[in-house]
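Trainee: I'm new to this one and keep tripping over the vocabulary. Can we look at it together and check each label against its rule?

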Amino acid sequence: MDRLENKQILGVIDATVDIDTLAPLTLNRPVASLPFSGRYRLIDFMLSNMVHAGIDSVGIFSHHLYNSLKGHIGSGKVWDLDRKNGGLFFYVQDKHDKENTQLILQHNQEFFIRAPYQYVIIAPSHIIGRIPILDMLKMHREKEAPVTQVVYAGKGLPIYLLKRQLMVQFLDNLDPSIPQTLMGFVEASTQHLDKNLYQVNELLFTVDSLTNYYKSTMDLLTMDNWNGIFSKKYPVLTTPKDEPPTKYLSGSHVTGTMVANGCLIEGEVTDSVISRGVRIGKNTVVKNCIIMPKVEIGDDCVLENVIVDKEVTIEAGAALKGNDQVPLVVPKNATVYKEWI
């Protein structure tokens, strides 16, 4: 069973989550749209899992800071979700409800009530890797428990498969006076029910802290981990951006590094992830870093264990150093002078 034969599962992605320890990178964007591995966003992985299973209707319940996420996903064409029947549905959280994100479910109950699907799968946007949803559905049908939950490395993950009518019952009993997160509401609604536990044996990363974000990205520099996350049979889909090939000028030296298109490199780069459109100047050393798109790094700089957000300018001679447990973060659109630290 490679794909669903007909309308059976409604997909739901919770992109309302706030993770305090990711705050340096998520002040102006939801966690779901956080860049990852040079050319992807976090939401690309769960969204790709759903469409590879043949799910043709996905509701994204979004953080109130949704512009970057909406701009990335657009109509859902890349994921074949720009449809007249089914397709992509975008529900945006009211900024006044950010302390009680379950209200986005209450305000959009019709999405669940009117959907012509037997089951619903609900998942967060910050879990990286392949979830075999059709195998999960097979277990759910074979077992008698009303809910199937994903388990990885002995730990339950907030990914749930259940009958759509059961989800409608949960919504009928939603108490808006009790503030909860969206996923917290689902967890509370299912906690007293018997569950099938679906064990995922393939590699997964959970990006729930700055350290985990940094470590997960760095781990992908090893071929085994890369192959474990990026399957040729089930590719991770993302919005393409046409860029010219990267140019490596005289004096450059790049080892153990993933480099996207459109870059200009004159310095030395080791064990790092370099996104699209990055410029790295002469005699500059970049080691164990994550550099996001359209960053300009001047000549004679030193960066080690640093995450540089989008569209940052680092002037000549600057030295920035963090460590592998607490990487230094340069916020989006910042200008870093030589005397910055």
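Trainee: Where does S57 lie, and what makes that stretch a strand?

Mentor: S57 lies in strand β4, residues 57–62. The label comes from DSSP: strands are E runs of at least two residues, helices are H or I runs of at least four, and both are numbered from the N terminus. Before we go on, this is a predicted model, where local features need pLDDT of at least 70, side-chain atom pairs count only at pLDDT 80 or more, and totals for chains, interfaces and linings use all residues. Residues are numbered from 1 along each chain as its sequence is written, and side-chain values use heavy atoms, with hydrogens and water left out.

Trainee: How do you know whether S57 is buried or exposed?

Mentor: Buried means under 20% relative accessible area, exposed means over 50%, and partly exposed is in between, using a 1.4 Å probe and protein chains only. S57 has 2% relative accessibility, so it counts as buried.

Trainee: And which residues does S57 touch?

Mentor: Contact means heavy atoms within 4.5 Å. Leaving aside residues up to four places away in sequence, S57 touches L10, G11, L81, G86, G87, F89 and Y117.

Trainee: Why is β6 called largely enclosed?

Mentor: Because six of its six residues are buried. Y119, I121 and A123 point one way from β6, while V120, I122 and P124 point the other way.

Trainee: Which strands pair with β6, and how do you know they pair?

Mentor: Two strands pair if DSSP finds at least two bridges between them. Strand β1 (residues 9–15) and β6 have six bridges, in the parallel sense, and L10 has V120 as its bridge partner. β6 and β9 are joined by four bridges and run antiparallel, with I122 partnered by Y160.

Trainee: What makes helix α2 "mostly covered"?

Mentor: Of its 10 residues (43–52), 10 are buried. Among them are I43, D44, F45 and H52. After α2 comes G54, whose phi is positive, near 95 degrees.

Trainee: Which residues of α7 are buried, and what do they pack against?

Mentor: In α7 (residues 164–172), the buried ones are R164, L166, M167, V168, F170 and L171. They pack against several elements, including β6 (119–124), β8 (147–152) and α8 (182–190).

Trainee: F45 came up in α2. Why is its pair with F36 called edge-to-face?

Mentor: A pair of aromatic rings is described by the distance of the centres and the angle of the planes. Rings of Phe, Tyr and Trp (its six-membered ring) pair if their centres lie within 6.5 Å; planes under 30 degrees apart count as stacked, over 60 as edge-to-face and the rest as tilted. F36 and F45 are 5.7 Å centre to centre with 85 degrees between the planes, which fits edge-to-face. Both residues are buried, and they belong to one aromatic cluster with Y40, Y213, W226 and F230. The count by this rule is 13 aromatic pairs.

Trainee: How do you know that the charged end of R130 sits over the ring of Y234?

Mentor: The rule asks for NZ of Lys or CZ of Arg within 6 Å of the ring centre and within 35 degrees of the ring normal. R130 is 3.7 Å from the centre of the Y234 ring. K70 sits over the ring of F90 too, at 4.9 Å from its centre.

Trainee: How many disulfides are there, and why is C263 not in one?

Mentor: There are zero disulfides. The definition wants a pair of cysteine sulfur atoms within 2.5 Å. The closest cysteine sulfur to that of C263 is in C289, 14 Å away, so it is too far for a bond. C301 is in no disulfide either, as its nearest cysteine sulfur, that of C289, is 11 Å away. C263 is buried at 3%, and C301 is buried at 1%.

Trainee: What does S275 touch, and where is it found?

Mentor: S275 is in the loop between β17 (273–274) and β18 (279–280). Not counting residues up to four places away in sequence, S275 touches G38, A260, C263, I291, M292 and P293. The C-alpha atoms of S275 and P293 are separated by 4.9 Å, though the two residues are 18 apart along the chain. With a relative accessible area of 3%, S275 is buried.
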